[in-house]
Amino acid sequence: MSPRYFSSSPLKTGPLQLAGAEAHHLLHVMRAAVGDQIVLFDGVGGEFSARIESANRKTVDCHVLAERKVDRELPHELVVGVAFPKGERRRWLVEKATELGITRLVPVETSRSAPQPNKTSRERLRRTVIEACKQCGRNRLMEIGSRVALAEFLLAAPTTAHRWMAHRQDGSGSAGQIDAATGLPTWLLVGPEGGFSDSEAAQAVATGWAAVDLGPRILRVETAAVALAGLVALRPAG
Ligand code: SAH
């Protein structure tokens, strides 16, 4: 895939100026030159070819040439609520979630969650989403939701969606069921390092969520989230 650059405004054919991190990447990392053809995406689904018309140290003027009609999104909505881990593990989770095509990643507050990302932290994570989209070819940015309480997240999921919570308890279903259940919006939930409390798990089941067992080993939060989302995103019918 040829190098891709992000435009923070929706793309249409005609003149466009790139500035900031994207202009820096083009000029000082990729050493692009006037006349070069590049690929732009706008994070809301558009991908266009463009030509560099002129450049100075901080900005690049392009001519946006034509839309390339490609869709690399999942065929249905995939929302994942997670008790976010901290630091580098948080960044890793956001990168992998973007690559897998997750529509929206939502920080969920549970009784055992560490502090969930605030607005500033979410803005920083947006840059991780953009970088992952540049690399993986995704044209729609993954959304990072505002932090919500568990009870609110449980009820926000449409009752018509598949709703799976990663949790090992008596009666948890096996992950195999996910392969067979296609074609609907899907909401997933992964708990904090300390796990869901019994009452939280009971509340989820009472509101129509199904517990799914991911096997006999205890996975880190981000591993569980990526493994579970991978089962949904990569199943044969999408
Ligand atoms: N301390 C907890 C484990 C927490 S792991 C305990 O001992 O049970 C963090 C989260 O990842 C869990 O809340 C769950 O949502 C998910 N998870 C990790 N391993 C899992 C597994 N084997 N099956 C189902 N969910 C798992």
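Buried area is the accessible area that two parts lose on being put together, summed over both. Keep that in mind for this predicted model, where the meeting of two domains is a good place to start.

## Two domains and their interface

The protein chain is divided into domain 1 (4-67) and domain 2 (78-233). Their centres, taken over C-alpha atoms, are separated by 33 Å. Where the two domains meet, 13 residues of domain 1 are in contact with 10 residues of domain 2. The area buried between domain 1 and domain 2 comes to about 910 Å², with carbon and sulfur atoms giving 49% of it. Which residues of domain 1 supply the most of what that domain buries against domain 2? Arg4, Phe6 and Phe41 supply 49% of that area, more than any other three residues.

Polar groups take part here too. Between domain 1 and domain 2 there are 13 residue pairs in polar contact, and two salt bridges cross the interface. On the domain 1 side, β1 (4-6) and α1 (20-29) each supply at least two of the residues that touch domain 2.

One salt bridge to look up on your screen joins Arg127 to Glu22, whose closest N and O atoms are 2.6 Å apart. Both of these residues also turn up among the contacts of Lys134, which is found in helix α3 (residues 119-136). Is Lys134 buried or exposed? Lys134 counts as buried, because its relative accessibility is 8% and the cut-off for buried is under 20%. Leaving aside neighbours within four places in sequence, Lys134 is in contact with Arg4, Tyr5, Glu22, His25, Phe41 and Arg127. Arg4 and Phe41 in that list are the residues you met above as suppliers of buried area, together with Phe6.

## Salt bridges through the structure

Side chains of opposite charge can pair when their charged atoms come close. The structure holds 19 salt bridges, and here are some of them.

| Pair | N to O distance |
|---|---|
| Arg127 and Glu22 | 2.6 Å |
| Glu47 and Arg72 | 2.9 Å |
| Glu88 and Arg91 | 3.2 Å |
| Arg168 and Asp213 | 3.2 Å |

Take the pair of Glu47 and Arg72, which meet in a salt bridge. Glu47 lies in strand β4 (residues 47-55) and Arg72 in the loop between β5 (60-67) and β6 (78-82), so the pair ties together parts that are 25 residues apart in sequence. Glu47 is buried, with a relative accessible area of 1%, whereas Arg72 counts as partly exposed at 33%.

Next come Arg168 and Asp213, whose side chains also meet in a salt bridge. This pair links distant parts of the chain, 45 residues apart: Arg168 sits in the loop between β10 and β11 (173-174), and Asp213 in strand β13 (residues 210-213). Arg168 is partly exposed, at 48% relative accessibility. Asp213 is partly exposed as well, with a relative accessible area of 21%. Salt bridges that share partners also build a network, which joins Glu88, Arg91, Glu95, Lys96 and Glu99.

Within that network, Glu88 and Arg91 both lie in helix α2 (residues 87-100), three residues apart, which is about one turn of the helix. Arg91 is partly exposed, with a relative accessible area of 31%.

## Helix α6 and the loop before it

Which residues of helix α6 (residues 198-206) are buried? They are Glu200, Ala201 and Ala204. Seen down the axis of α6, these buried residues fall within an arc of 100°, so they line one face of the helix. The buried residues pack against α4 (150-156) and β10 (162-166). On the other side of α6, Asp198, Ser199 and Ala206 are exposed. Just after the helix, Gly208 takes a positive phi of about 100°.

Another glycine, Gly191, has its place in the loop between β12 (186-190) and α6. Gly191 is buried, with a relative accessible area of 10%. Not counting residues up to four places away in sequence, Gly191 touches Ala83, Phe196 and Val221. Its C-alpha atom is separated by 27 Å from that of Cys136, a residue 55 places away along the chain.

How values were computed. Residues numbered from 1 in each chain as written. Predicted model: local features only at pLDDT ≥ 70, side-chain atom pairs only at ≥ 80, totals over all residues. Heavy atoms only, no water. Buried < 20%, exposed > 50% of the residue type's maximum accessible area, 1.4 Å probe, protein only. Helix = DSSP H or I, 4+ residues; strand = E, 2+ residues; numbered from the N terminus. Arc of directions from axis to C-beta. Contact = heavy atoms within 4.5 Å. Domains from an automatic or database assignment. Buried area = accessible area lost by both parts, 1.4 Å probe. Salt bridge = Lys/Arg side-chain N within 4 Å of Asp/Glu carboxyl O. Polar contact = N/O pair within 3.5 Å; in protein donor to acceptor, adjacent residues only side chain to side chain.
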